[in-house]
Amino acid sequence: MYLKEIVVVFIGGGLGSLMRFGFARWVALLYDRPFPLATFLVNIVACFVLGFIIGLVDFKQWLSPIAKLFWIVGFCGGFSTFSAFSNEVFSLFRQGYYMDSLLYILLSILVCVTATFGGLIFAEKI
């Protein structure tokens, strides 16, 4: 990897993470129910931004590869890893791997939620 790419992803990821943190704090001031509204909204916004950036790159050719890296891998990745997941699903679907796309969606939800639960149980036991 080139140093420029590392720096661009680092800065984009940092900004995305700061935005997620600030947004979660703001939503917490307005909403005090158990449903994780902040994360839910961040995931939606990040996926929209991801789709918008992909559209600007693929259909308009308005952004350079380094700008694409900043926004997609850096900012959206830092703002929400769900956007990275959505990008991979979208990529599989666009390439015609429909069953792989569906399998990835189902397995990611099932396995990741199970892994989270497993991590909690493991931490409790040690």
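The largest nonpolar core in this predicted model is made up of 11 residues: Val42, Ala46, Leu50, Ile53, Ile54, Leu56, Val57, Ile72, Phe75, Cys76 and Phe79. Two elements, helix 2 (37-60) and helix 3 (65-79), each put at least two residues into this core. Helix 2 is the main giver here, with 7 residues. That fits a familiar pattern: in soluble globular proteins, nonpolar side chains tend to be buried together.

Stepping back to the whole chain, the fold is built from 5 helices and 0 strands. Read from the N terminus, the elements go α-α-α-α-α. The C-alpha trace spans about 50 × 40 × 30 Å along its principal axes. Of the 126 residues in the chain, 24% are buried.

Back in the core, Cys76 deserves a second look, along with cysteine 47. A disulfide is a covalent bond between the sulfur atoms of two cysteines. With the cut-off for such a pair set at 2.5 Å between sulfur atoms, the count comes to 0 disulfides. Cysteine 47 is in no disulfide, and the nearest cysteine sulfur, which belongs to cysteine 76, sits 8.2 Å away. Cysteine 76 is likewise unpaired, with the sulfur of cysteine 47 as its nearest cysteine sulfur at 8.2 Å. Because 8.2 Å is the distance to the nearest cysteine sulfur and a disulfide needs a pair within 2.5 Å, cysteine 47 stays unpaired. As for how covered these residues are, cysteine 76 is buried, at a relative accessible area of 0%. Cysteine 47, at 21% relative accessibility, counts as partly exposed; the label "buried" is kept for values under 20%.

Nonpolar side chains also turn up on the outside. Leu3, Ile6, Val7, Phe10, Ile11, Leu15 and Leu18 form a nonpolar patch on the surface, and together they offer about 720 Å² of accessible area. One of them, isoleucine 6, belongs to helix 1 (residues 3-30). Isoleucine 6 has 41% relative accessibility, so this residue counts as partly exposed.

Two residues further along the chain have C-alpha atoms that can be paired up across the sequence. Alanine 84 is part of helix 4 and, with a relative accessibility of 35%, counts as partly exposed. Its C-alpha atom is separated by 7.4 Å from that of valine 73, and the two residues are 11 apart along the chain. Leucine 103 is found in helix 5; this residue counts as partly exposed too, at 47% relative accessibility. From C-alpha to C-alpha, leucine 103 and valine 89 are 9.6 Å apart in space, with their positions 14 residues apart in sequence.

That leaves the stretch joining those last two elements. Glutamine 95 lies in the loop between helix 4 (81-94) and helix 5 (98-125). This residue is exposed, with a relative accessible area of 53%, and the cut-off for that label is over 50%. Even so, the side chain of glutamine 95 has a partner: a polar contact at 2.9 Å links it to the side chain of serine 91. Alanine 67 is another matter, since 23 Å separates its C-alpha atom from that of glutamine 95, with the two residues 28 apart along the chain.

Conventions:
Residues are numbered from 1 along each chain as its sequence is written. This is a predicted model: local features need pLDDT of at least 70, side-chain atom pairs count only at pLDDT 80 or more; totals for chains, interfaces and linings use all residues. Side-chain values use heavy atoms; hydrogens and water are left out. Patches are made of residues with over 30% relative accessible area and no salt bridge: like charges are joined within 9 Å, nonpolar side chains (Val, Leu, Ile, Met, Phe, Trp, Tyr) within 5 Å. Accessible areas come from the Shrake-Rupley method with a 1.4 Å probe; for residues, only the protein chains shown count as cover. A salt bridge is a side-chain nitrogen of Lys or Arg within 4 Å of a carboxyl oxygen of Asp or Glu. Helices (H or I, at least four residues) and strands (E, at least two) are DSSP runs, numbered from the N terminus. Buried means under 20% relative accessible area, exposed over 50%, partly exposed in between (1.4 Å probe, protein chains only). A polar contact is a pair of N or O atoms within 3.5 Å; within protein, one must be able to donate a hydrogen and the other to accept it, and residues adjacent in sequence count only if both atoms are side-chain atoms. A nonpolar core is a set of buried Ala, Val, Leu, Ile, Met, Phe, Trp, Tyr and Cys residues joined through side-chain atoms within 4.5 Å.
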